[in-house]
Amino acid sequence: MNQAKAASMHSELELTRERKYAMPESVPWVVIVGGGFAGLAAAKALKKAAVRIILIDRTNHHLFQPLLYQVATAVLAPGQISSPIREILRRQKNTTVIMGEVTGVDKDQRCVFVKSPDRENVPVKYDYLILATGVRHSYFGHDQFEKFAPGLKSLANAVEIRNKVLRAFEQAETEEDVSRHRDLLTFVLIGGGPTGVEMAAAIAVLVRNSLRSEFRRIDPTSARIVLLDAAPRLLGSFSESLSQAAKKQLERLGVEVRPGHAADQIDEKGVIVAGERIASKTVIWTAGVAPSPAGKWLDAETDRAGRVRVQRDLRVPGNPEIFVIGDTASLDQDGKPLPGVAQVAMQQGRYVGKLIRRRIAGKNGQRPFRYFDKGNMAVVGKGFAVIQSGKLQMSGFLAWLAWAAVHLEFLAQPGLRISVFVQWIWTFVTGQRGSRLIVDHTRIEPAKSRPAMAASTAPSSQPPVTAVVSSK
Ligand SMILES: Cc1cc2nc3c(=O)[nH]c(=O)nc-3n(C[C@H](O)[C@H](O)[C@H](O)COP(=O)(O)OP(=O)(O)OC[C@H]3O[C@@H](n4cnc5c(N)ncnc54)[C@H](O)[C@@H]3O)c2cc1C
């Protein structure tokens, strides 16, 4: 975009600001980048503050990532775990939501640069800046794996994985050559953290339960599910005994668990691990994550993983008006780095909101941020979860009930809670899934030209149909 267009866009934005907020110029601007757990919590904590907030996210929705695996395994539909950010904040009058991608920060001019489909480098000024841009996948330097092993981070990823898993069964059913069924019906997951464990168990339940009676040429229950992890045991953030309980449950579900095994190679034929090739058409990456480029934008100190090192009040050293929170931030507590989990992100968002509120009210001093760990949980198939909270360790059905209650509570909107609750009961009782569709967003049928007669007799009152389809 040329400079003139950027300038006119900027002044448009300024005009909108002035119209929307008949507030004195002295009222500070708080720009929040990211409408995930951390950014949304910060915005909500500033609801009653005398500030003007601009929340920028590259998507139009807040995503409940802990249930992404249920979209990828067809239990839930994408709309059941995500809500438009502007709908969530519709009653918050001091907040404007902008959909756009932040591409950089100018600390001297105090502005961020925003890119949208038809505009680039639009500056948005701030008095306080909160960066909460989360993480991306990391293939540990093997970016070539991504083409064959999609990761699970966004709704688009979840739908892509759902398509891949469901299509494998469809292809096997149409494939007459029985020798080709093996690689079509082998699913390999790489990474034995909570996401890998939850996904592997959910695929096992899908094939052994939901799909078992629907195919004629193949037996879905014969599908092979392999879970690899380079670490010596699964669920490294849980105790040894819970990790063992999860492993046993996975094996009961028919998952082949291989701790201590890293993937050496991933290609169109499958995975090579410790010299052995596992032929598979469906490989899923559930291993590493890398932070967003916030550290580069700020030219700030980062940890080994690339997360921005922040002070105990979550500010960036040397920049008292800039905060980095959630998965993008690196902070040690009691000698250990805080984990990249939703609770840390939400608590940090609330803390920063409160700190800015106090500062604007002329109150100085707030205790350093301290994470209150409510515990870890992971679900391992139908009716089984593991929970660790302080000294409490639990596995089995009761843990699963607690897991379900906590996840329902943290969904962003009451409507989603009801819809997910009903769907879970239905799936639990009948085994039927909520959204078992293969949706190929890249394939849009071209419109057929109609004969002139038919076109002229078509009802003229019918509005034109406009579809916006994005595979991102
Ligand atoms: C599959 C999966 C399962 C998980 N399960 C659990 C679980 O069970 N329990 C748990 O506690 N945690 C879980 N987590 C981790 C948890 O979701 C994260 O810790 C949490 O989302 C971090 O919140 P955040 O706000 O820092 O980042 P996010 O929630 O990732 O939000 C970041 C936001 O920033 C936006 N953004 C990024 N870059 C830009 C940019 N340049 N411009 C504009 N917007 C941008 C993104 O669109 C996104 O909305 C899971 C994560 C994944 C991926």
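## Report on a predicted protein model

The protein has 13 helices and 27 strands. The model described here is predicted. Of the 472 residues of the protein, 49% count as buried. Among contacts with a separation of 6 or more, 64% join residues that are 24 or more positions apart.

**Ligand surroundings**

The ligand is surrounded by 29 residues. The closest of them are Ala38, Asp57, Gln65, Val102 and Asp327. Three residues place a polar atom beside an oxygen atom of the ligand, as the table shows.

| Residue | Part of the residue | Distance to a ligand oxygen atom |
|---|---|---|
| Glutamine 65 | polar side-chain atom | 2.9 Å |
| Aspartate 327 | polar backbone atom | 2.9 Å |
| Valine 341 | polar backbone atom | 3.3 Å |

Glutamine 65 thus appears with a side-chain atom, while aspartate 327 appears with a backbone atom. Valine 341 also appears with a backbone atom.

**Helix H10**

Helix H10 covers residues 342-360. What span should its 19 residues have at 1.5 Å a residue? The expected span is 27 Å, and the end C-alpha atoms of H10 are 27 Å apart, so the two values agree.

Many positions of H10 are listed as buried, including Gln343, Val344, Ala345, Met346, Gln347, Gln348 and Gly349. Tyr351, Val352, Gly353, Leu355 and Ile356 are buried in H10 as well. In an α-helix there are 3.6 residues a turn, so residues three or four places apart point the same way. Just after H10 comes glycine 362, with a positive phi of about 80°.

**The sheet S25-S26-S27 and helix H11**

In the order S25-S26-S27, 3 strands form an open sheet with antiparallel pairing. Its edge strands are S25 (376-379) and S27 (392-396), each of which pairs on one side only. From one strand to the next, the twist averages 5°.

Strand S26 takes in residues 385-389 and is joined to S27 by 5 bridges. The two strands run antiparallel. Across this pairing, valine 386 stands opposite serine 395 in S27.

Helix H11, residues 397-410, lies across S25, S26 and S27. The helix runs at about 100° to S27.

**The sheet S14-S15-S16**

Another open sheet is made of 3 strands in the order S14-S15-S16, again with antiparallel pairing. Here the edge strands are S14 (263-267) and S16 (276-279), and each pairs on one side only. Neighbouring strands of this sheet are turned against each other by 20° on average, with direction ignored.

Strand S15 consists of residues 270-273. How many bridges pair S14 with S15? There are 4 bridges, in the antiparallel sense. In one of these strands, S15, isoleucine 272 is the bridge partner of glutamine 265.

**Histidine 181**

Histidine 181 is located in helix H6, which covers residues 181-184. Is histidine 181 buried or exposed? Its relative accessible area is 11%, and because buried means under 20%, histidine 181 counts as buried.

Which residues are in contact with histidine 181, leaving aside its neighbours within four places in sequence? They are Ala172, Glu175, Arg217 and Ile218.

Notes:
Residues numbered from 1 in each chain as written. Predicted model: local features only at pLDDT ≥ 70, side-chain atom pairs only at ≥ 80, totals over all residues. Heavy atoms only, no water. Pairing = 2+ DSSP bridges. Axes fitted to C-alpha atoms, helices over the stretch in contact; angles between N-to-C directions. Contact = heavy atoms within 4.5 Å. Expected span 1.5 Å × (residues − 1). Buried < 20%, exposed > 50% of the residue type's maximum accessible area, 1.4 Å probe, protein only. Near = heavy atom within 4 Å. Polar contact = N/O pair within 3.5 Å; in protein donor to acceptor, adjacent residues only side chain to side chain.
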